[in-house]
Amino acid sequence: MIKPYKKTVIACFIGAISQAIVVNFAPLLFVTFQNIFGIPLEEITVLISLNFITQFSTDLVASKYAKRIGYRKCLIAAHSMAGGGLIMMAFLPQIINPFAALIMATIIYAVGGGLLEVLTSPLLEACPTKNKSALMSLMHSFYSWGVVGVVIVSTVFFELFGIHNWAVMACIWAIVPLGNIILLSTAQMYEISDSGEDKPNYKQLFSQKVFWLIIIIMLCSGAAELAVSQWASTFVEQGFHLSKSTGDLIGVGGFAAFMGLSRVIYSKCANRISPMRAIALSTCLCIVSYLMIGLSNSGVIGLMGCVLCGFSVGILWPGTLSMASESVVSGGTTMFALCALGGDIGCTSGPALAGFMTGVLGGDLRLGILCSIIFPILLIVALGLLKENKKFEGR
């Protein structure tokens, strides 16, 4: 007999893949948008920031209204907007000003992505399953495999049918979130605990030192991951003088593949190692990877650092969410939404700092990325404070 929560779990996994699509497909087309629409690089950069700003704005709103509206309705709306935004991106630039069209499409699918980020984790946590930490890590691995799939399938499609058919590929990717609506319409929606309260208890959350440390860890996790992943393709292209397609496959694809691998590995051994210890070990590896990228003149060592970074950041986000679920009082949807908000701020800050410092340091991307080592260092500090705080509270 198939357990009733299986369909819910599968829907959450597909939701993670859908989020990977809306975050990572458009960046593959930035050079194409420059060439066919004449959009300058500084305006293209706006789309990156707009995506994450919209997502963390959605995180805030969703934390207040999701329970009131209903999780099923919110999840269906999230998938509809994710798929609809991709379809808008395919057709709207042919009708109105291309940059305005891309802004509109980005906002629509980013709202969908933000809702997915807020709702899938607590819904999965609410499912009556064993070893929730392992399942959380496994779900987030599907985000990584989604990134790998977006890069590989899109690259192969463009090689076979030409980059000029990018709009067709956008519509194909829209099928994933739109198709998941069918599954969500009949999946069991389990009650997400908010400590028995209808309204989020912000005061109780904000009064906890543990909660603030969790937010800092989420911010640093997002920044440490995106500072490398968003620049991985460019880093590989510059370091090895390769084509964009090869840079996407080796840089972005390699990073995401090893990130997914670490999440699968952790899902298998989560019952033998605590999230805090796993995060600490991973962060130490992350610092090593940043040093390999930033201090070596060898392209091979830099590439190894890029891949190691993907492996090291894999469990930071899902591990922190599991740790938050265990440590924060009166959490529920509000806590997950605010954690996602902290993570999205990091996702904006990490690549922005790397890009800014690259410009300041004469266009050397290695040194720009190295400057973002501040994020895993801060993460280690916050983790140490969290450990001491928990010891203090346990006395």
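Guide: Accessible area is found by the Shrake-Rupley method with a 1.4 Å probe. Please keep this in mind as we read the model, which is a predicted one.

Visitor: How much accessible surface does the chain have, and what share of it belongs to carbon and sulfur atoms?

Guide: The accessible surface comes to about 16300 Å², and carbon and sulfur atoms hold 69% of it. As for single residues, 55% of the 395 in the chain are buried.

Visitor: How many helices and how many strands does the chain contain?

Guide: The chain has 17 helices and zero strands. Its contacts may be read by separation along the sequence: of those with a separation of 6 or more, 82% join residues 24 or more positions apart.

Visitor: Why does the span of helix 12 agree with its number of residues?

Guide: The expected span is 1.5 Å times one less than the number of residues. Helix 12 covers residues 275-295, which is 21 residues, so a span of 30 Å is expected; the C-alpha atoms at its ends are indeed 30 Å apart. Several residues of this helix are buried, among them Pro275, Ile279, Cys286, Tyr290 and Gly294.

Visitor: Is Ser144 buried or exposed?

Guide: A residue is buried when its relative accessible area is under 20%. Ser144 has 0% relative accessibility and therefore counts as buried. This residue belongs to helix 6, residues 132-161.

Visitor: What does the side chain of Ser144 meet?

Guide: The side chain of Ser144 forms a polar contact with that of Arg263, at 3.1 Å. Beyond neighbours within four places in sequence, Ser144 touches Ala256, Met259, Gly260 and Arg263.

Visitor: Which residues make the nonpolar surface patch?

Guide: The patch, of about 530 Å², is made by Ile152, Val156, Leu160, Phe161, Leu249 and Ile250. Helix 6 and helix 11 (244-269) are the elements that each give two or more residues to this patch. Helix 6 gives the most, with four. Phe161, which lies in helix 6, is partly exposed because its relative accessible area is 48%.

Visitor: Where does Gln230 lie, outside the helices we have discussed?

Guide: Gln230 is in the loop between helix 9 (209-229) and helix 10 (232-240). Its relative accessibility is 21%, so Gln230 counts as partly exposed; the buried class requires a value under 20%.

Visitor: Which residues does Gln230 touch?

Guide: Setting aside residues up to four places away in sequence, Gln230 touches Ile48 and Pro351. One may also compare sequence with space: Gln230 and Ala354 are 124 residues apart along the chain, and their C-alpha atoms are separated by 9.7 Å.

Methods:
Residues are numbered from 1 along each chain as its sequence is written. This is a predicted model: local features need pLDDT of at least 70, side-chain atom pairs count only at pLDDT 80 or more; totals for chains, interfaces and linings use all residues. Side-chain values use heavy atoms; hydrogens and water are left out. Buried means under 20% relative accessible area, exposed over 50%, partly exposed in between (1.4 Å probe, protein chains only). Contact means heavy atoms within 4.5 Å. A polar contact is a pair of N or O atoms within 3.5 Å; within protein, one must be able to donate a hydrogen and the other to accept it, and residues adjacent in sequence count only if both atoms are side-chain atoms. Patches are made of residues with over 30% relative accessible area and no salt bridge: like charges are joined within 9 Å, nonpolar side chains (Val, Leu, Ile, Met, Phe, Trp, Tyr) within 5 Å. A salt bridge is a side-chain nitrogen of Lys or Arg within 4 Å of a carboxyl oxygen of Asp or Glu.
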